[in-house]
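Colleague: I'd like to learn how to read a ligand site and a domain contact. Can you walk me through it?

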Amino acid sequence: MNKRFYLTTAIDYVNGQPHLGHAYEKIIGDVIARFRRSEGQEVYYLTGLDEHGQKVQQAALAEGKTPQDYCDNLAAAWQAFAQKLELTNDEFVRTTQSRHRRVVQAALSRLHAEGHFYQEKYEGFYSAKEETFLTEKDRRPDGTFDPAFGEVSRLQEENYYFRLKDHQQWLIDYIEAHPEFVVPEYRKNEVLGFLKNNVLEDLCISRPATRLNWGIPLPFDPNYVTYVWFDALTNYISVPAAQNDPGVPGYLSAGGEVPTGLALWPADIHIIGKDILKFHSVYWPIMLKAMGAPLPRQLLVHGWWQKDDQKMSKSTGNVVDPMAVIAEWGVDAFRFYVVRELDIGPDGNWTDAGFKARYNAELANGLGNLVNRSLSMLKRYRQGLVPQRSDELRAEAERIVAETRELLERNRLQSALIIIWSLITKANQYVDHTAPFKLAKDPAQAARLDEVLYNLAETCRLLAIMLWPFLPGTATRIHQQLGLSGEPNSWAAATWGGLPPGQAIGTPAPLFPRKEA
Ligand code: MSP
């Protein structure tokens, strides 16, 4: 059984509204997943929902629903969202599924039996909104807590704690020895800085069932449910465990006959936002080590989007609704903009004007114009039949194919788009310089016109293959307009000369209609 390339995203809170930030992360994952499949790798792309916790319990209550009904309704909307984004996820995990619950409980039982947990009373200030006890560091100079924490009340509780102190040094050593574990590098440094300058506090892994019952019961004490983050992080391994993955410790596996034996664990990439880095770089590795499971290979950490330089917030109406953008501009324009605009790492800023400018300049006038005029001329001057092969743009195109592949293998998605667009620009300039519309008027230039038309059509074919991970629908349309069947989803076909002379192309049609700026 070959190990698949196993890629995950954060699982979104089911009670939130799907927004730009969620869409961005899932699209990054999808581009990586599609690229690797087009290279011939076996990939498993997992995304899903985080469904337990106090906020869900309260919201369900307010709507007069059971938490499960409430989650089921929202989950359907989230899955529709994933489809709209044209994600090719292999599974959609929900933390309320029994296969997930079983693994969380098996892990908790093992850790408890091995003495990783202890029970203790704690008194402090609790934020129900953040579902956490606050510390002195959360206080403002005047002693009050930030309104972002919502209502803060004094609470005394007995809970289970996970001993973390013994894990601090090996984790530091591990991160230092594996520079690819946290990417980009400045995020790795942030984690190391945190670990070296603080003593890790033990992690509270329970919540009393009297206060919160919408959670996974602790298998060793029914008076408690599991802390949502312990529950949520485990999703990454519960899906492989449910399929008896050989990389997962046996006691976590479903056992019995599970037909679809998959080798997934350890994950190759967890894609996450910067705000949840500590959970993934500190708690998750420690949980895994205690469970006896190997660690994931990489945390790929992206930044946060703002809109018009302001935090996105439903209450002020300052949000980008991906569904509305997609309805107006198409899913590929949306996928293109988010990946082209923001590199994986820094924070980004959405402006409607910036979106339209990229749409018009890069999609309509750049890619769309190139494909449309190349194929229209081929139709008009050569009855749509591909002429003899010519290699004038070959070296440039093959260089860009190779560089794009190399960049995508390093998850440099934005850089890959930039370099792909350099080929588009080059090819558009080639049309301007060779002026096929003039060549067409001079019968003595027929052979030259053949050359130009071949170079353009073949460049369009290679572009379709390179663009497929990013803009799957558009790439497929280019492929069809070239008269080729299927999807341009195989990197192996990205060698110059694949377009056979005599091939009848399809019907050229604009890919991105120009819109008023
Ligand atoms: N449920 C937890 C994650 C558990 S993973 C085991 C969670 N959910 S979330 O819905 O709040 O966020 C999901 C992902 O979306 C996170 O990676 C988060 O960083 C990302 N984003 C949420 N808002 C964002 C932006 N404004 N911009 C970019 N990404 C953002 O955290």
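Modeller: Sure. Start with the numbering: helices and strands here are DSSP runs, numbered from the N terminus. Keep in mind that this is a predicted model.

Colleague: Okay, which helices and strands each supply at least two residues of the shell around the ligand?

Modeller: Helix 1 (20-38), helix 7 (228-233) and helix 8 (235-242) do, along with strand 2 (12-13) and strand 13 (269-273). In total, 24 residues surround the ligand, and the closest are Ile-11, Glu-25, Asp-50, Asp-275 and Trp-305.

Colleague: How does the shell split by class?

Modeller: You get 12 nonpolar residues, eight polar and four charged.

Colleague: And which atoms of the ligand do Asp-275, Gly-273 and Trp-305 lie close to?

Modeller: For polar contacts, look for N or O pairs within 3.5 Å. Asp-275 puts a polar side-chain atom 2.5 Å from a ligand oxygen. Gly-273 has a backbone N or O atom 2.9 Å from an oxygen atom of the ligand, while a backbone N or O atom of Trp-305 sits 2.9 Å from a ligand nitrogen. As for cover, the protein takes up 94% of the 670 Å² of accessible area that the ligand has on its own.

Colleague: Now the domains. How do I read their interface?

Modeller: Interface size is often given as the accessible area lost when the parts come together. Here the assignment gives domain 1 (5-302) and domain 2 (352-493). Between them they bury about 1200 Å², 62% of it on carbon and sulfur atoms.

Colleague: Which residues in domain 1 lose the most area to domain 2?

Modeller: Arg-34, Phe-35 and Ser-38, together 47% of what that side buries.

Technical notes: Residues numbered from 1 in each chain as written. Predicted model: local features only at pLDDT ≥ 70, side-chain atom pairs only at ≥ 80, totals over all residues. Heavy atoms only, no water. Near = heavy atom within 4 Å. Polar contact = N/O pair within 3.5 Å; in protein donor to acceptor, adjacent residues only side chain to side chain. Areas by Shrake-Rupley, 256 points an atom, 1.4 Å probe, with all protein chains shown as cover. Helix = DSSP H or I, 4+ residues; strand = E, 2+ residues; numbered from the N terminus. Nonpolar A, V, L, I, M, F, W, Y, C, P; charged D, E, K, R; others polar. Domains from an automatic or database assignment. Buried area = accessible area lost by both parts, 1.4 Å probe.
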